[in-house]
Amino acid sequence: MKRILFLVSLFCLFSIERDLFSQEGLLIDDFEGPITKETVDYGGGKGSSVEVFVEEDIKSSGNRSLKVIYEAVLGGYMWIARGYDLDVKGAGDWLILPEEINWKDFKGISFYVYGEDSKNRVVFDIKDSENEMHRFIFKDDFSGWKKITCDFEDFFVRADWQPENAERNFIIDFPIKSFQFEPLPEGKGTLYLDCVELIRK
Ligand SMILES: [Ca+2]
Ligand SMILES: [Ca+2]
């Protein structure tokens with residue numbers, strides 16, 4: 001019996017491994033688990049607000065996506081983050097740990113967004129190993145799913161704010177520990193996010 005259990009777990013491990021590595025990218029977050037205040041680090045300030053939900057009908061991969069309903073007002077800010085070393089510890093729920101990734105094999109990060117052609121601009125920030133935030137911006141100027149591709153060389157250092165403990169050297173230091181989305185003011189709407197992958201070189 002023990003032997004069968006061992007073989008079954010081995011098979012499961014190989015299956016997960018195969019799914020993670022079968023595509024041209026490395027899937028790091030598919031939002032398949034629960035979406036709550038305990039699993040997503042999100043919030044807003046100075047008048048801006050955001051709520052997150054599980055979405056089971058509109059999804060790009062797997063069975064679920066992350067639904068975001070937001071209102072970004074002038075002077076306000078918000079964030080929707082997943083990854084490690086965040087205030088919400090349960091947001092550290094990637095499919096693979098940052099330190100287990102061979103970052104030198106990858107040239108960027110991509111994700112799927114279900115847009116509504118709102119023309120709103122949306123930030124995608126990554127936080128590097130020294131807590132420095134690097135920024136990429138895309139525009140919701142499409143309807144339905146679109147793959148957004150961000151090469152690491154296209155990120156710029158976030159100028160408006162950095163964490164107090166950030167070591168600011170203007171370089172993306174690996175491993176990246178977390179990512180976060182922020183619809184920029186002014187705008188309101190709904191976005192769905194799914195399938196965050198690293199892009200192979
Ligand atoms: Ca998914
Ligand atoms: Ca850095």
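## Strand pairing in a predicted model

Leu66 stands opposite Leu193 in strand E12. The exercises below start from this pair and work outward through the predicted model.

**Exercise 1.** Determine which strands pair with E4, and how many bridges join E4 to E12.

*Solution.* Begin with the pair already named, in which Leu66 faces Leu193 of E12. Strand E4 covers residues 65–72, and E12 covers residues 187–200, with seven bridges joining the two strands in the antiparallel sense. Next, turn to strand E3 (residues 49–55), which is also joined to E4 by seven bridges and runs antiparallel to E4. One example of this second pairing is Phe53, whose bridge partner in E4 is Lys67.

**Exercise 2.** Decide whether strand E4 is largely enclosed or not, using its buried residues.

*Solution.* The step needs one cut-off, namely that a residue is buried if 20 or more other C-beta atoms lie within 10 Å of its own. By this criterion six of the eight residues of E4 are buried, and the strand is therefore largely enclosed by the rest of the structure. For the protein chain as a whole, 32% of the 201 residues count as buried.

**Exercise 3.** Trace the open sheet of six strands in order, and explain why strands E2 and E10 each have one side without a neighbour in the sheet.

*Solution.* The strand order of the open sheet is E2-E5-E11-E7-E8-E10, and the pairing is antiparallel. Strand E2 (41–45) and strand E10 (156–157) stand at the edges and have a single partner strand each, so one side of each has no neighbour in the sheet. Starting from E2, five bridges lead to strand E5 (residues 77–83), which is antiparallel to E2. Within this pairing, Tyr42 has Ile80 of E5 as its bridge partner, while Gly43 stands opposite Trp79 in E5. The next step in the order goes from E5 to strand E11 (residues 178–183), with four bridges in the antiparallel sense, and here the bridge partner of Gly83 is Ser178 in E11.

**Exercise 4.** Describe the order of elements along the protein chain, and state what percentage of the contacts between residues at least 6 apart in sequence join residues at least 24 apart.

*Solution.* Count the elements to begin with: the protein chain has one helix and 12 strands. Read from the N terminus, the helix is followed by the strands, in the order α-β-β-β-β-β-β-β-β-β-β-β-β. Finally, consider contacts in the protein chain between residues at least 6 apart in sequence, of which 77% join residues at least 24 apart.

Methods. Residues numbered from 1 in each chain as written. Chains lettered and ligands numbered in written order. Predicted model: local features only at pLDDT ≥ 70, side-chain atom pairs only at ≥ 80, totals over all residues. Pairing = 2+ DSSP bridges. Buried ≥ 20, exposed ≤ 12 C-beta atoms within 10 Å, placed from the backbone. Contact = placed C-beta atoms within 7 Å.
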